[in-house]
Amino acid sequence: MIQTVRQAYNQAFSPEHYRAFLDKIDADLPGQLEFRVAETPVFVPTVLTNKLLAACDTIVDVITRDDFKQLTEDAIPAGQRVPNEDAHTQFLAVDFAVCKDEHGELTPQLIELQGFPSLYTFQPYLADQFRSFYPIPDQLSHLFTVSTNDAYLDRLRQMIVGDCNPEEVILLEIYPEKQKTRIDFALTQRMLGVAPVCLTKIQKDGRQLFYEKDGRRIRIKRIYNRLIFDDLRNYPDLQTDFTLTDDVDVDWVGHPNWFFRISKYTLPLIESPYVPASYFLSDLTDYPADLENYVLKPLFSFAGSGVRLTFTAADLDAIPTEQRNGYLLQRKVKYEPVIQSPDGLVKAEIRLLFIWPKEDARPTLLTNLSRLSRGEMIGVDFNKNKDWVGGTVCFFEK
């Protein structure tokens, strides 16, 4: 999107260079990269950066409202409320589609937001790899608020590890060695000293939790949570000593309830030119006249599951009354292909990554990730057997 930078990058690019780039990641972290890394970063001009920041300010204004918890009480599904919830999330990820407005100018449109951690250690590592292999101007940065990866990791360490011994902090997942994001887990252990631990390996003794390491039984004082309830549905017969809804003596870093509170459920609360109109289906007595311009999303499914791009008023009427509060009607967003590849233009989505230490009044933007797509939607299933697609990082013009 910054033409001079794009031209220089594409001239330096070759399939052989890209293969060497991937080989370096595999050499650093053997067998850990499960998802596709795109051939290019995204170069974001100042005009779009400023709009992204303005959109985020509006969103943060909503989630810092005194009544935000009250407004999102129904976001937490029955049977999935975790005790000892804190005052606010400690992680915030905000996803924007890159679009064009009626004047032909680049503009962001909110797709989704999450009170849940993303690839917080992989992204600075990935940015370093791109800089090592390709010409990235010094005036572009993947960071906000801090100027170096070391400073970034120090901020992350302060929030996740705090004053604990890193051994007393775990990254919680279900079978972490099988997860597509396991490269981020490996880097979290390498950079912060926090190891991934499977839910099945946790022992409960009263309100205290333990895990074993090198023959030692270690008390868990903090949980950096990367586990979501939706994933547990894949293991209906799973037997564990500890369940997420147990009342236990741990400090959650990323309390599970915020995954639900800050989610699709939050979208109807936000008014901004950068946020498409969104409605709870249960609140509508009449539908928008142009339903073809809307998408229907289940509130309590994730990773694009159950999203319907085409439907009629009769389809909406057929949803039982008792289920209508589980759906969101959201105005469609048109991704604008703006990333120049060797053989055409590619769509981009930008995710801004915040941390929110417990003592802070508002979250702090630190870094980002991006996903590139040639398909109808962003995601693996829509981009099979395509190149110049997948996960990447943005470098912002300062």
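In the predicted model, 23 aromatic pairs are present. One of them joins Phe 259 and Phe 260, whose ring centres lie 5.4 Å apart with the planes at 80°, so that the pair is classed as edge-to-face. Both partners are withdrawn from the surface, Phe 259 being buried at 7% relative accessibility and Phe 260 being buried with a relative accessible area of 4%. Ring pairs also link a cluster made up of Tyr 9, Phe 13, Tyr 18, Phe 21, Phe 43, Phe 130, Phe 133, Tyr 134, Trp 388 and Phe 395. Aromatic rings are in addition met by charged side chains: Arg 217 lies over the face of Phe 210, at 4.0 Å from the ring centre, while the charged end of Lys 398 is placed over the ring of Phe 144, 3.8 Å from the centre of that ring.

Tyr 9, a member of the aromatic cluster, is also one of the buried residues of helix 1 (residues 3-12), together with Val 5 and Arg 6. Viewed down the axis of helix 1, these buried residues fall within an arc of 100°, so they line one face of the helix. Such an arrangement can be read against the geometry of the α-helix, which has 3.6 residues a turn, so that residues three or four places apart point the same way. The face of helix 1 that is turned away from the buried side carries the exposed residues Gln 3, Thr 4 and Gln 11. On the buried side, the packing partners are strand 1 (42-44), helix 5 (122-133), strand 4 and strand 15 (339-341).

Helix 6 (residues 149-160) comprises 12 residues and spans 16 Å from its first C-alpha to its last, close to the 16 Å expected at 1.5 Å a residue. The buried residues of helix 6 are Asn 149, Tyr 152, Leu 153, Leu 156, Met 159 and Ile 160. Around the axis they cover an arc of only 125°, which puts them on the same side of helix 6. Ile 160, which belongs to helix 6, is buried at 0% relative accessibility. When residues up to four places away in sequence are not counted, Ile 160 touches Phe 91, Val 169, Leu 192, Val 194, Arg 222, Tyr 224 and Val 253. Ile 228, by comparison, is separated from Ile 160 by 68 residues in sequence and by 18 Å in space, C-alpha to C-alpha. Just after helix 6, Gly 162 adopts a positive phi of about 60°.

Positive phi values are also found in residues other than glycine. Thr 145, which is not a glycine, has a positive phi of about 70°; Thr 145 is placed in the loop between strand 4 (140-141) and helix 6, and at 60% relative accessibility counts as exposed. For Tyr 175, likewise a residue other than glycine, phi is positive and near 45°, and the position of Tyr 175 is in the loop between strand 5 (169-173) and helix 7 (182-192). The loop between strand 5 and helix 7 also holds Gln 179, which is buried at 16% relative accessibility. Not counting residues up to four places away in sequence, Gln 179 touches Glu 173, Ile 174, Phe 185 and Asp 231.

A charged residue in a strand was examined next. Lys 297 is located in strand 13 (residues 294-298) and, at 9% relative accessibility, counts as buried. With neighbours within four places in sequence left aside, the contacts of Lys 297 are Ile 111, Lys 264, Val 307, Gly 326, Tyr 327, Leu 328 and Gln 330. Between Lys 297 and Leu 329, which stand 32 residues apart along the chain, the C-alpha atoms are separated by 6.5 Å.

The cysteines were considered last. A disulfide is a covalent bond between the sulfur atoms of two cysteines. With a cut-off of 2.5 Å between cysteine sulfur atoms, the count comes to zero disulfides. For Cys 394, the closest cysteine sulfur is that of Cys 56, at 12 Å, which is too far for a bond. Cys 394 is buried at 0% relative accessibility, and Cys 198 is also buried, with a relative accessible area of 6%.

Conventions. Residues numbered from 1 in each chain as written. Heavy atoms only, no water. Buried < 20%, exposed > 50% of the residue type's maximum accessible area, 1.4 Å probe, protein only. Phe/Tyr/Trp six-rings, centres within 6.5 Å; stacked < 30°, edge-to-face > 60°. Lys NZ or Arg CZ within 6 Å of the ring centre and 35° of its normal. Helix = DSSP H or I, 4+ residues; strand = E, 2+ residues; numbered from the N terminus. Expected span 1.5 Å × (residues − 1). Arc of directions from axis to C-beta. Contact = heavy atoms within 4.5 Å.
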